[in-house]
Amino acid sequence: MDEKKRFQAFRTEEPKIIRFQQALKRKKKYTVWIAAAVGVLVLIVLLFCVQIREVKVSGNRHYSQEEIEEKVLREPFARSSLLTFFRNRFRPHEKIPFIEDYRIAFRSPVSCEIIVYEKSIVGYVSYMSSNLYFDKDGVVVESTSDIYEGAPQVTGLHFGHIVLGKALPVDNPEIFRQILNLTQELATSNIVPDKISYDDKMNATLFIRDLVVKLGGSESMDGKLTELADIVSDYPDLSGTLYLDSFDSSNSNPMYRFEKK
């Protein structure tokens, strides 16, 4: 076939080629739209159909499981597994009193565990009809009228203006280390006081139901509390004032003064 005939044949086939290319473009365009529509449909299904149905909470002491669920999963569509996953992964967690942070671990598309990391609350002080709970550094983490079990009232601290989220402005910040050590040793000895009081020389006094225990200074505190644990165990209904401030670790057969109420 000479050049002229080949050119005429190409001119004859050219419209067919153009129509084929246009059809191919339309097909690709429809494919993209269909894929997008399928993607949107899948996203809607994941958002509204895949819901969290089972929640486990661990690490919580101050709040019940129901309270943790309400505080953590209270945003719009909070039961959506997909939204909750992305919120937990990429957004700052909401501040919750007594909670340092929390983590949501998915065990399946419809179940998760909320792992709670609580702040180390050591006690509270009463101020202007409110109970101010503070951590190991004396930082006030919550102001409430409620009384929470396990955190004793601390009296004898002298402070001025109080700001939530700031340390109690006491004259001697060393007192907070003593309070922390004391509450930790009390917990180890399974002793739960109603109140801890300090005088100007940082001598501690415990109030356990009807029993008042004079502990004195921080020296040999573990020995004092060991003695106290034995006494409270043997005499759970003891009522009066027990003086353990005379504790001597070198005395193998100690005697303590007790004033009956």
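Strands β5 and β6 make a hairpin, with 4 residues sitting between the two strands. Within that turn, G138 takes up a positive phi of about 80°. The model is a predicted one, and this hairpin is a handy place to start reading it. β5 covers residues 130-135, and its pairing with β6 is antiparallel, spread over 4 bridges. One residue pair to look for is Y133, whose bridge partner in β6 is E142. As for cover, β6 (residues 140-144) is mostly tucked away, with 4 of its 5 residues buried.

Stepping back to the whole protein chain, there are 5 helices and 12 strands. Of the 261 residues, 35% count as buried. The chain exposes about 17000 Å², and 54% of that comes from carbon and sulfur atoms. Contacts across the sequence can be put in numbers too: taking those between residues at least 6 apart, 46% join residues that are at least 24 apart.

Next comes a sheet elsewhere in the chain. It is an open sheet of 3 strands, laid out in the order β1-β3-β2, and its pairing is mixed. β1 (54-58) and β2 (99-108) are the edge strands, so called because each of them pairs on one side only. On average, neighbouring strands in this sheet are turned by 20° against each other, ignoring direction. As a general reminder, strands of a sheet pair through backbone hydrogen bonds, in either a parallel or an antiparallel way. Here, β1 and β3 (residues 111-118) run parallel and are joined by 5 bridges. To find this pairing in the model, V55 is a useful marker, since its bridge partner in β3 is C112.

A helix goes with this sheet as well. Helix α2, made of residues 65-72, lies across β1, β2 and β3. Relative to β1, helix α2 runs at about 110°.

On the surface, three phenylalanines deserve a look. F85, F86 and F90 together make a nonpolar patch of about 320 Å². F90 belongs to helix α3, which spans residues 81-90. Is F90 buried or exposed? With a relative accessible area of 59%, F90 is exposed, because the cut-off for that label is anything over 50%. That puts F90 in contrast with β6, where 4 of the 5 residues are buried.

How values were computed:
Residues numbered from 1 in each chain as written. Predicted model: local features only at pLDDT ≥ 70, side-chain atom pairs only at ≥ 80, totals over all residues. Heavy atoms only, no water. Pairing = 2+ DSSP bridges. Axes fitted to C-alpha atoms, helices over the stretch in contact; angles between N-to-C directions. Contact = heavy atoms within 4.5 Å. Patch = residues over 30% accessible without salt bridge, like charges linked within 9 Å, V, L, I, M, F, W, Y side chains within 5 Å. Areas by Shrake-Rupley, 256 points an atom, 1.4 Å probe, with all protein chains shown as cover. Salt bridge = Lys/Arg side-chain N within 4 Å of Asp/Glu carboxyl O. Buried < 20%, exposed > 50% of the residue type's maximum accessible area, 1.4 Å probe, protein only.
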